[in-house]
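Reader: I'm new to reading structures, and I'd like to know how the labels get decided. Could you walk me through one?

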Amino acid sequence: MSFLVESGDRWVELRGVHLTGTARIVDDTELLERVATALADKYGRFRTPRDQMPDATRAQYETTVSTIEITPDDRILSWDNARLYQPDPA
């Protein structure tokens, strides 16, 4: 698999990480519960209560999701263009 996370809009702001490796769908119930708890702890306060969501949005949240575990190999690439930027001395 290949996985890329990147942010920034202008060249000087671009930063990211790209990795390759293997991936598997997690079926370990204990691990899935830990992941669900961590996500609820982090994002729960930002979520709209389900009963206040439009029907289509609530249906999306009620679909089955999969958790994927990524095991990276040694080909990890990262960058932060801001570290390369040297402003013109004025």
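Author: Sure, let's start with Asn81, which counts as buried at 9% relative accessibility. Keep in mind that this is a predicted model.

Reader: What makes Asn81 count as buried?

Author: Set the value against the cut-off: buried means under 20% relative accessible area. Asn81 comes in at 9%, so the label is buried. As for its place, Asn81 lies in the segment after E3.

Reader: Which residues does Asn81 touch, not counting those up to four places away in sequence?

Author: Those are Trp11, Val12 and Leu14. Contact here means heavy atoms within 4.5 Å.

Reader: Why is Gly8 called partly exposed?

Author: The label partly exposed covers what falls between buried, under 20%, and exposed, over 50%. Gly8 has 38% relative accessibility, so it counts as partly exposed. You'll find Gly8 in the loop between E1 and E2. Once neighbours within four places in sequence are set aside, Gly8 is in contact with Glu13 and Leu14. In space, 26 Å separates Gly8 from Ile68, C-alpha to C-alpha, and the two are 60 residues apart in sequence.

Reader: Why does Asp28 count as partly exposed?

Author: Same kind of check. Asp28 has a relative accessible area of 36%, so partly exposed is the label. Asp28 sits in the loop between E2 and H1. Along the chain, Asp28 and Thr67 are 39 residues apart, and their C-alpha atoms are separated by 9.9 Å.

Reader: And what makes Val35 partly exposed?

Author: Its relative accessibility is 26%, and that is why Val35 counts as partly exposed. Val35 belongs to helix H1. Its C-alpha atom is separated by 46 Å from that of Asp88, a residue 53 places along the chain from Val35.

Reader: Let's move to the sheet. In what order do its strands come, and is the pairing parallel or antiparallel?

Author: The order is E1-E2-E3, the pairing is antiparallel, and these 3 strands form an open sheet.

Reader: Why are E1 and E3 said to stand at the edges?

Author: Strand E1 (2-7) and strand E3 (68-80) each have a single partner strand, so one side of each is left without a neighbour in the sheet. On average, neighbouring strands of this sheet are turned by 25° against each other, direction ignored.

Reader: How do you know that E1 and E2 really pair?

Author: The cut-off for pairing is at least two bridges between two strands. E1 and E2 have 6 bridges, in the antiparallel sense. One example of a partnership is Val5, whose bridge partner in E2 is Val17.

Reader: How many bridges are there between E2 and E3?

Author: There are 10, and strand E2 (residues 15-25) and E3 also pair in the antiparallel sense. Set against the cut-off of at least two bridges, that counts as a pair. Ala23 has Ile70 in E3 as its bridge partner, and Gly21 stands opposite Pro72 in E3.

Reader: Which residues is Leu77 in contact with, leaving aside its neighbours within four places in sequence?

Author: Leu77 is in contact with Gly16, Val17 and His18. Leu77 itself is in strand E3. Its C-alpha atom and that of Leu4 are separated by 9.4 Å, although the two residues are 73 apart along the chain.

Reader: Now the empty space. How do you know that there is any?

Author: Rolling a probe the size of a water molecule over the atoms shows where empty space is left. In this model, about 320 Å³ of space lies in the largest pocket.

Reader: What makes a residue part of the lining, and which lie nearest the centre of the largest pocket?

Author: A lining residue has an atom within 4 Å of a point of the pocket. The largest pocket is lined by 13 residues, and Ala36, Leu39, Arg47, Arg50 and Val65 lie nearest its centre. By class, its lining has 7 nonpolar, 4 polar and 2 charged residues.

Reader: Which helices supply residues to that lining?

Author: Helix H1 (29-43) and helix H2 (55-61) each supply at least two. H1 gives the most, with 5 residues.

Conventions: Residues are numbered from 1 along each chain as its sequence is written. This is a predicted model: local features need pLDDT of at least 70, side-chain atom pairs count only at pLDDT 80 or more; totals for chains, interfaces and linings use all residues. Side-chain values use heavy atoms; hydrogens and water are left out. Helices (H or I, at least four residues) and strands (E, at least two) are DSSP runs, numbered from the N terminus. Axes are lines fitted to C-alpha atoms, for helices over the stretch in contact, and angles run from 0 to 180 degrees between N-to-C directions. On a 1 Å grid over the protein atoms alone, a cavity is a set of points where a 1.4 Å probe fits but cannot get out, and a pocket is an open set with protein on both sides within 12 Å along at least five of seven lines; lining residues have an atom within 4 Å of a point. Grid points are joined across faces, edges and corners, and a volume is the space filled by probe spheres set on the points. Ala, Val, Leu, Ile, Met, Phe, Trp, Tyr, Cys and Pro count as nonpolar, Asp, Glu, Lys and Arg as charged, and the others, Gly among them, as polar. Buried means under 20% relative accessible area, exposed over 50%, partly exposed in between (1.4 Å probe, protein chains only).
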